[in-house]
Amino acid sequence: MILHASKGTDIKGELVKAGFPFLCGGTGSCGKCRVRVLSGEAAVSEADRNIFSEEEISAGMRLACMMGEACGDLEIEYELPDEEMYIPVDTAEGPGEAPVRDFSLAIDIGTTTIAVAAVGRNGEIIGVRTGVNHQRSFGADVVSRIVASNNGHGPEMRDIVISDINELVDALMSENGLRAEGLSAIVIAGNTTMQHIFAGYSCEGLGMAPFTPVSVEFTRTDSGLLLPGISAYVGSDIVAGIYECGFDDELTLLVDLGTNGEMALGTSERIFVTSTAAGPAFEGGNISCGCAGIPGAVYDVDLSDRDGDEPIVLKLIVEAGNTGKSLKQEECLKREPVGICGTGAVALVAELYRNGLLDSTGLLDERLRGRIRLTQDGKVTFTQKDIRELQLAKAAIRAGIDILLEAYGAEAGDIRKVYISGGFGSEINASKAALTGLIPNVLAQKCIPAGNTALKGAIRFLGDPDGTTELNRIVSVSKEVVLADQPDFTECFMNYMELGLN
């Protein structure tokens, strides 16, 4: 696609309107907003020099977030990312007969993705639609969104997410012969920031201590019922997840691996929750060839050669709704991977470490020259910087688990069930995750891929006459552990940067 910009044009603003993502919020750190200047002059920033080679810069490559206003007429070539995302929702489909006229909607507003389910009168799933949250043009994580909202972009981001939801709802209704007059209820789960933006609340209290939300209670808006959360950084997505997983008298751990890593540990009587800024690495952000769970994404890796050249066995997501199949590297020449998603990154790091090509500090073997090729043509690679990004993300999650255990007065071996939720968790290889140190090794055999527990909890709520009471009960027995306030967190985080530590 080509952007024609005249002098004074706000280049970033025009690309935002076109749906172009700025995943690091415009800081120039992720290197994902790559464009090519076809004609005209564009200054070279320090961030450009950190990302591109001199040859690439000479060829017109720039980071769009660093370009500012055009100083003269420009032609800029850019590509919008593939929007077809694979987001597992392992709910049962409804019967084959004509859909019921009466229906409700369950919505999960995630930082990266949005999921909508149409639910029949008897609780059957009529259909599910998922798509991208185009607020990502303002940054990949909740902190970037909070900053954008507080800088005056709140109404714009609200319009964006409502437009995204309406598009998914329209598609669901069209596909299933549903009419607006048959809609009886809408319930919405999401992290606290997403719900604030959706409701039109100020995000001022979310961006500074003591991090006070406008509301985390049941809230009825013109657009639907917001489910309750616990705090500024533990939202209704986790409450709905706990509700769906059904914490009982056995010690249970729920880990939602997304841009904002949220965790809950406890039983039906007592639950400790926390949130950690894992960053976007688990969803493909800040990874040089990273991508979300789209067709062609690498989600698992087996490394068979100690030199890391070939053969590598890759598992690709081959189509939306399919968990993928194993493809050897020579077969990948017929269907090239488009990138590597979070599960693939974890698996690759584990395999490199297992095969002695990566030491415990995360340093690649010098034979690999700072990167490993996942395709023979070298278009999809994994670099030393990518490894560091993943180390930061996994250390944040693992430190959070340890701090929760300490606060609860339990050990990892006491946990009986581990639910891994989110698109990332649904395809995770638990043994490889344990090898990297993401989860304790003792929990590898206790992991249950749980899919989108936020959406499933919202669906369950629609058919549960006691749902309001139960969600309020979960909130009442939950206590937040703020990691920043824990004296051991920083040391624990630094320790878990090391690979293999268990």
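How many bridges pair strand β12 with strand β13, and in which sense? Six, and the sense is antiparallel. Keep in mind that this is a predicted model.

Let me place those two strands. β12 covers residues 261–266, and β13 covers residues 271–276. At one point along the pair, Gly266 stands opposite Ile271 in β13.

Both strands belong to an open sheet of six. Read across, the order is β21-β20-β11-β12-β13-β22. The pairing in this sheet is mixed. At the edges sit β21, residues 447–451, and β22, residues 478–480. Each of those two pairs on one side only. On average, neighbouring strands here are turned by 20° against each other, ignoring direction.

Something also packs on this sheet: helix α13, residues 467–477. It touches β13 and β22. The direction of α13 makes about 45° with that of β22.

Stay with β13 for a moment, and turn to a pocket. The second largest pocket holds about 700 Å³ of space. Its lining takes at least two residues from each of β13, α4 and α9, where α9 is 384–408. In total, 32 residues line this pocket. Closest to its centre are Tyr233, Asn260, Ser275, Thr276 and Ala277. What is the lining made of, by class? It has 19 nonpolar residues, nine polar and four charged.

Now α4, which we just met at the pocket. Helix α4 runs over residues 142–176. Its partner here is α5, residues 192–199. Two numbers describe a packed pair of helices: the angle between the axes and the distance between them. For α4 and α5, the angle is about 65° and the axes are 8 Å apart. The crossing is right-handed.

Which residues meet? From α4, we have Val142, Arg145, Ile146, Gly154, Met157, Arg158, Val161, Ile162 and Ile165. From α5, we have Thr193, Met194, Ile197, Phe198 and Ala199. By class, this contact has ten nonpolar residues, two polar and two charged.

α5 takes us on to the cavities. How many of 30 Å³ or more does the structure hold? Two. I will take the second largest, with a volume of about 70 Å³. There are 14 lining residues, and Gln195, His196, Ser215, Val216 and Leu227 come closest to the centre. Helix α5 gives the largest share of that lining, with three residues. As for class, eight of the lining residues are polar, five are nonpolar and one is charged.

Last stop, the other sheet. This one is open too, with four strands in the order β1-β4-β2-β3. Its pairing is antiparallel. The edge strands are β1, at 2–5, and β3, at 61–63, and each pairs on one side only. From one strand to the next, the twist averages 35°.

Look at the β1 edge. Strand β1 runs antiparallel to β4, residues 74–77, and four bridges join them. Within that pair, Ile2 stands opposite Glu77 in β4.

To recap the route. We began with β12 and β13 in the six-stranded sheet. β13 and α4 both supply lining to the second largest pocket. α4 packs with α5, and α5 helps line the second largest cavity. The four-stranded antiparallel sheet closed the tour.

Key:
Residues are numbered from 1 along each chain as its sequence is written. This is a predicted model: local features need pLDDT of at least 70, side-chain atom pairs count only at pLDDT 80 or more; totals for chains, interfaces and linings use all residues. Side-chain values use heavy atoms; hydrogens and water are left out. Axes are lines fitted to C-alpha atoms, for helices over the stretch in contact, and angles run from 0 to 180 degrees between N-to-C directions. A crossing is left-handed if the near helix is turned anticlockwise from the far one by less than a right angle, and right-handed if clockwise. Contact means heavy atoms within 4.5 Å. Ala, Val, Leu, Ile, Met, Phe, Trp, Tyr, Cys and Pro count as nonpolar, Asp, Glu, Lys and Arg as charged, and the others, Gly among them, as polar. On a 1 Å grid over the protein atoms alone, a cavity is a set of points where a 1.4 Å probe fits but cannot get out, and a pocket is an open set with protein on both sides within 12 Å along at least five of seven lines; lining residues have an atom within 4 Å of a point. Grid points are joined across faces, edges and corners, and a volume is the space filled by probe spheres set on the points. Two strands pair if DSSP finds at least two bridges between them.
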